[in-house]
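Hi everyone, and thanks for making the time. I'd like to walk you through a protein that is probably new to most of you, so let's put it on the screen.

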Amino acid sequence: MLTGVMRAVALLLTGAFVIAASCLTGDAAEVVATPDVCGGEHPVDPAGGRYTCTFGDEFDGTGFDMSKWMAQDTSFSGMTSGNKDCYRDSTDVISVSDGAAHISARRTDAPFTCRSPLGDFTSQSIVGTVATRTHFAQTYGRFEFRARFPDATVPGVHSALWLYPADNTYGPWPASGEIDVAEWFSNTPTKVYPSAHYTGEVPFQSSGFDCNVATPHDFHTYAVDWTPSSMYFFVDDKLCWQHSWSAQSPLPGSGPFDQPFYLVLTQVFGAETNAVSAATPGVATTDVDWVRVFRWDGDEAVGSSMHLVNPKLGSALSLGSGAK
């Protein structure tokens, strides 16, 4: 997410992104993606060849494939947002139909008690997030989302297509990093904001402000090429921002961005400079046509890794500590 005055949701909790065991499926098993999972012609890799597909979802079914995705739920995690939204594992806010995933935020007619293991609180909105945590994570490569953001042009709506570390190898947020491929705020509706968050980042230099999208309510492809030294962010295959970082001692040279990160799709209401008002729509939905992840075979020379797992777990699973 953006830092400074544009940052819509502050870090509220540590180790709080948790989902219910009902979202998990089956016994431990390795999941192997096949090239056709990514559909169509694969992007060109740095050597002039084609990337190899490692993960994809076309959302062609009638619900989320829970061998790939997990849902956020405040009643298990305690997670909320800057607007005190209540995350729900419910088709009211996360669903699949007509060849797309739909991640929604909904304001309720009256305040209600949002249950939380960290203490119940009053909310007037339910929101959705799904992630590939425990099912897929990858270090380096190309990550693509084809999506359209809500049809809103007044403040109060916040959407994000992002990546989060599978493990807090270097410590809690932001020490282990976060990559925002495309973050969208309805108070600046014709811009998307890519970001890289980590210890030692320079505010307003670790987010891109030149990724203009005249029609964010139409489908566009948002992507990042992630290497051991730099990230390159694209809208419809046009480079709009790149970022290089320097590891803070005692991290290794590419740290913290040398570990597997998983994919996250989020829709919430806004806060701070993008706060909800009476004019904010009561329902806001980000539609995701597909997500695709690729790796370059040449990445092996620089330590690329891919994790595709489906473990059998207990009653709850930590998904991270970044709050959106």
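I'll start with the whole protein, then go to one strand, then to the aromatic rings, and finish with a single glutamine.

One thing to keep in mind from the start: this is a predicted model. The secondary structure comes to one helix and 22 strands. The protein has 324 residues, and 55% of them count as buried. Now take the contacts between residues at least 6 apart in sequence: 75% of these join residues at least 24 apart. As for the outside, the accessible surface is about 12500 Å², and carbon and sulfur atoms account for 51% of it.

Let's pick out strand 13, which covers residues 191-197. How many of its seven residues are buried? Six are, so strand 13 is largely enclosed by the rest of the structure.

And what does strand 13 pair with? On one side of our story is strand 12, residues 178-185, which pairs with strand 13 in the antiparallel sense over four bridges. If you want a place to look, find D180, which stands opposite S195 in strand 13. The connection from strand 12 to strand 13 is a hairpin, made through five residues. The other partner is strand 14, residues 211-212, which runs antiparallel to strand 13 and is joined to it by two bridges. Here the residues to find are V192 and, opposite it in strand 14, C211.

On to the aromatic rings. A pair of rings is described by how far apart the centres are and by the angle between the planes. The count here comes to 20 aromatic pairs. Take F59 and F64: their ring centres are 6.0 Å apart and their planes stand at 80°, so this pair is edge-to-face. Are these two buried or exposed? F59 is buried, at a relative accessible area of 2%, and F64 is buried too, at 14%.

A second pair takes us back to strand 13. The rings of Y193 and F209 have centres 5.8 Å apart and planes at 70°, so they are also edge-to-face. This pair links distant parts of the chain, with Y193 in strand 13 and F209, 16 residues away, in the loop between strand 13 and strand 14. Y193 counts as buried at 3% relative accessibility, whereas F209, at 28%, counts as partly exposed.

Rings can also join up in a bigger group. Ring pairs link Y140, F143, Y198, W226, W245, F257 and F261 into a cluster.

Some rings have a charged neighbour as well. The charged end of R292 sits over the ring of W290, 3.7 Å from its centre. Likewise, K84 lies over the face of F121, at 5.2 Å from the ring centre.

Last stop: Q138, which you'll find in strand 9, residues 137-139. Q138 is buried, with a relative accessible area of 0%. So what does its side chain reach? One partner is the side chain of T54, in a polar contact of 2.7 Å. Another is the backbone oxygen of F294, which the Q138 side chain reaches at 3.0 Å.

To recap, we've seen strand 13 with antiparallel partners in strand 12 and strand 14, a cluster of rings that includes W226 and W245, and a buried glutamine, Q138. Thanks for listening!

Note on methods: Residues are numbered from 1 along each chain as its sequence is written. Side-chain values use heavy atoms; hydrogens and water are left out. Buried means under 20% relative accessible area, exposed over 50%, partly exposed in between (1.4 Å probe, protein chains only). Two strands pair if DSSP finds at least two bridges between them. Rings of Phe, Tyr and Trp (its six-membered ring) pair if their centres lie within 6.5 Å; planes under 30 degrees apart count as stacked, over 60 as edge-to-face and the rest as tilted. A charge sits over a ring if NZ of Lys or CZ of Arg is within 6 Å of the ring centre and within 35 degrees of the ring normal. A polar contact is a pair of N or O atoms within 3.5 Å; within protein, one must be able to donate a hydrogen and the other to accept it, and residues adjacent in sequence count only if both atoms are side-chain atoms. Contact means heavy atoms within 4.5 Å. Accessible areas come from the Shrake-Rupley method with a 1.4 Å probe; for residues, only the protein chains shown count as cover.
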